[in-house]
Amino acid sequence: EEIVAEMLRVGREVIVTFPNFGHWTHRWQILKGRMPVSDKLPYQWYDSPNVRFFTLLDFEALCEQMGLVIRERNVLDEEGNLVEHEVNFLGSLAVYRLTLNR
């Protein structure tokens with residue numbers, strides 16, 4: 001929240017990208033009892049540079065809470081192809097373009 005707010009303090013639009021923790025491969029690893037490790041999340045839980053793990057739905061709820069407008073959202077699968085359906089389940093990487101709601 002602080003990082004996005006600071007980015008929007010100095011710019012009218014920002015681009016935020018993150019690995020989707022809700023991707024089916026990550027969910028499968030959790031069902032097997034382990035925290036996900038993949039090409040997009042290559043670290044173990046204890047040495048990850050990620051501040052938090054979250055899903056597309058979590059991020060969109062944060063945007064709503066902060067009063068941000070999602071101008072554009074692109075969700076990619078593991079091969080870099082655009083995902084258009086079931087994005088929170090099939091999307092591996094998210095790219096958002098955001099602005100303040102003014």
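A residue counts as buried when under 20% of its relative area is accessible, as exposed when over 50% is, and as partly exposed in between. Keep that in mind as you look through these views of a predicted model.

**View 1. The whole chain, with its buried share.** Of the 102 residues in the chain, 31% count as buried. The C-alpha atoms fit in a box of roughly 45 × 30 × 20 Å along the principal axes. How does the radius of gyration fit with a compact globule? A compact globule of 102 residues would have a value near 13 Å, and the chain has 14 Å, which agrees.

**View 2. The elements along the chain.** Try counting as you follow the backbone: there are four helices and three strands. Starting at the N terminus, their order is α-β-α-α-β-α-β. Now look at which parts of the chain meet. Among contacts with a separation of 6 or more, 63% are between residues 24 or more positions apart.

**View 3. The surface and its charges.** The chain has an accessible surface of about 7,100 Å², and carbon and sulfur atoms make up 52% of that. Its side chains include 11 positive and 15 negative ones. The centres of these two sets lie 4 Å apart.

**View 4. Helix α2 and its buried residues.** Helix α2 covers residues 24–31, and T25, H26 and Q29 are buried there. Where do these buried residues sit around the helix? Looking down the axis of α2, you would find them within an arc of 100°, so they line one face of the helix. Just after α2 comes G33, which has a positive phi of about 95°.

**View 5. Q44, in the loop between α2 and α3.** Follow the chain past α2 and you meet Q44 in the loop that leads to α3 (56–66). Is Q44 buried or partly exposed? Its relative accessibility is 30%, so Q44 counts as partly exposed. Leaving out residues up to four places away in sequence, Q44 touches R34 and V37.

**View 6. T55, in the loop between α2 and α3.** T55 is also part of the loop between α2 and α3. With a relative accessibility of 14%, T55 counts as buried, because the cut-off is under 20%. Which residues does T55 contact, apart from neighbours within four places in sequence? They are F18, N20, F21, G22 and N88. To link this view with the one before, note that Q44 and T55 are 11 residues apart in sequence, while their C-alpha atoms are 18 Å apart in space.

Notes:
Residues numbered from 1 in each chain as written. Predicted model: local features only at pLDDT ≥ 70, side-chain atom pairs only at ≥ 80, totals over all residues. Heavy atoms only, no water. Helix = DSSP H or I, 4+ residues; strand = E, 2+ residues; numbered from the N terminus. Rg over C-alpha atoms; globule rule 2.2 N^0.38 Å. Buried < 20%, exposed > 50% of the residue type's maximum accessible area, 1.4 Å probe, protein only. Contact = heavy atoms within 4.5 Å. Areas by Shrake-Rupley, 256 points an atom, 1.4 Å probe, with all protein chains shown as cover. Lys, Arg positive; Asp, Glu negative; His and termini not counted. Charge placed at Lys NZ, Arg CZ, Asp CG, Glu CD. Arc of directions from axis to C-beta.
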